[in-house]
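Colleague: Could you take a close look at the inside of this model for me? I'd like to hear what surrounds the enclosed space, and then how you'd follow the packing outward from there.

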Amino acid sequence: MGDRTADAKTITVPERLHGYPGVAFGGYVAGVLAGRVGAEAVRVDFRRPVPTGTAVSFADAPDGGSALMDGELLLAAAAPAPWEAGELPGMPSWEEASAAAEAYRAAPPEGQVDCFGCGLDRTPGTGLRLHCGQVAGRDLVATAWTPAPELATDAGVLPDELVWGALDCPGNAAGRLLDGRPAGAVTAALTARLLRPVPVLAGAGLVSYSWMRESGGRKYTVGTALATAAGELCAVGEALWVVPRG
């Protein structure tokens, strides 16, 4: 992972990195594109599903942005973005996030899929295991998780594209558990700012959490964040999710 796609002309996302079957994990794709933009904060808009197992092409976009194309079809586009995160809710503790994750695993919602980000059957070395449940007494979902060494770069940190991934799935959980949204919602846009490298150390855990910002019609907007178990904020984001028609 890491920076290997920075100068590439094409990318083929392997099937193991899927969100829904046959569709590349949105957070990973967003992180790859953001890495080619290189701005402090980046917004990635998804236009069409990015397939797994098929080569798709990078293209330059206006204002220093980057796009992902399938022939003439625009799949996703990234561009520098102003950052207006606003006030973040207080980070849940490791204990609160662990309890929320256990509650999710004990009674997972219908429609659970084998997603690289939140799939229940993934191991720490084959997925992020972002099992977000509602934090007791708060309008917040969270999970406590520990990435395996296999997911780290040679420098011992979580690749930026997986940091973006850690900001993706929690938004789906927020919509379902805090706003009553059905299964099948998709990430329409993800904006993020990475604040510091995320170390992958034996026994060192991370906390991903998310909260509702706006909701209306088939769309809803969430805030997301990633922090160390010790409370150091590593990344923040905002995502627009859409429930498909039908």
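**The cavity and what surrounds it**

Modeller: I'd start with α1, since that helix supplies the largest share of the largest cavity's lining, 4 residues. Keep in mind that this is a predicted model. Searching the whole structure turns up 1 cavity of 30 Å³ or more, and the largest holds about 40 Å³ of space. Around that space you'll find I11, V13, Y28, V29, V32, L33, F58 and L68. Sorted by type, the lining comes out as 8 nonpolar residues, with no polar and no charged ones.

Two of those names lead straight on to the core. L68, part of the cavity lining, is also listed with V44 and L226 as having the most contacts inside the largest nonpolar core, a group of 54 residues. Helix α1, residues 26–37, gives the most to that core, with 7 residues. L33, which lines the cavity too, turns up among the contacts of V44. If you skip sequence neighbours within four places, V44 touches A30, L33, A76, A77, A78, W164, A188, A189 and L190. There's also a second core, separate from that one, made of 12 residues and including A97, A142, A225 and A227. As background, nonpolar side chains in soluble globular proteins tend to be buried together.

A142 brings us to H131, since A142 is one of the residues that H131 touches. You'll find H131 in the loop that runs between α2 (94–106) and β6 (133–134). Despite being a loop residue, H131 counts as buried because its relative accessibility is 0%. Beyond residues up to four places away in sequence, H131 meets A100, A101, Y104, R105, C118, G119, L120, A142 and T143.

Now for the open space, as opposed to the enclosed one. The largest pocket has a volume of about 680 Å³, and its lining takes in 36 residues. Nearest its centre lie Y20, A185, V186, T187 and W241. In the lining I count off 25 nonpolar, 7 polar and 4 charged residues. Helix α1 shows up again here: along with α4 (169–178), β8 (186–194) and β11 (233–242), it supplies at least two lining residues. The largest share goes to α4, with 6 residues.

So what sits around α4? That helix is mostly covered, with 8 of its 10 residues buried: C169, P170, G171, N172, A173, A174, G175 and R176. Those buried residues pack against β7 (141–145), α3 (160–165), β9 (206–216), β10 (219–228) and β11. Just past the helix comes G180, which has a positive phi, near 65°.

From the β11 side, the residue to look at is W241, which sits in that strand. W241 counts as buried because its relative accessible area is 4%. Setting aside neighbours within four places in sequence, W241 contacts D168, G171, N172, A185, V186, T187, A188, R218, K219, Y220 and V222. G171 and N172 in that list belong to the buried part of α4, while A185, V186 and T187 join W241 nearest the pocket's centre. For contrast, R245 comes in the segment after β11 and counts as exposed because its relative accessible area is 70%. Its C-alpha is 8.0 Å from that of R218, although 27 residues separate the two along the chain.

Last, the cysteines, in case you're wondering about C169 in α4. There are 0 disulfides here. The closest cysteine sulfur to that of C115 is in C169, 3.7 Å away, and no bond is counted because a disulfide needs the sulfurs within 2.5 Å. C115 itself is buried, at 5% relative accessible area. C234 has its closest cysteine sulfur in C132, at 15 Å, so that pair is too far for a bond as well. C234 is likewise buried, with a relative accessible area of 0%.

Definitions and conventions:
Residues numbered from 1 in each chain as written. Predicted model: local features only at pLDDT ≥ 70, side-chain atom pairs only at ≥ 80, totals over all residues. Heavy atoms only, no water. Core = buried A, V, L, I, M, F, W, Y, C linked by side-chain atoms within 4.5 Å. Buried < 20%, exposed > 50% of the residue type's maximum accessible area, 1.4 Å probe, protein only. Contact = heavy atoms within 4.5 Å. 1 Å grid on protein atoms, 1.4 Å probe; cavity = no way out; pocket = protein on both sides within 12 Å on 5 of 7 lines; lining within 4 Å. Points joined across faces, edges and corners; volume = space filled by probe spheres on them. Nonpolar A, V, L, I, M, F, W, Y, C, P; charged D, E, K, R; others polar.
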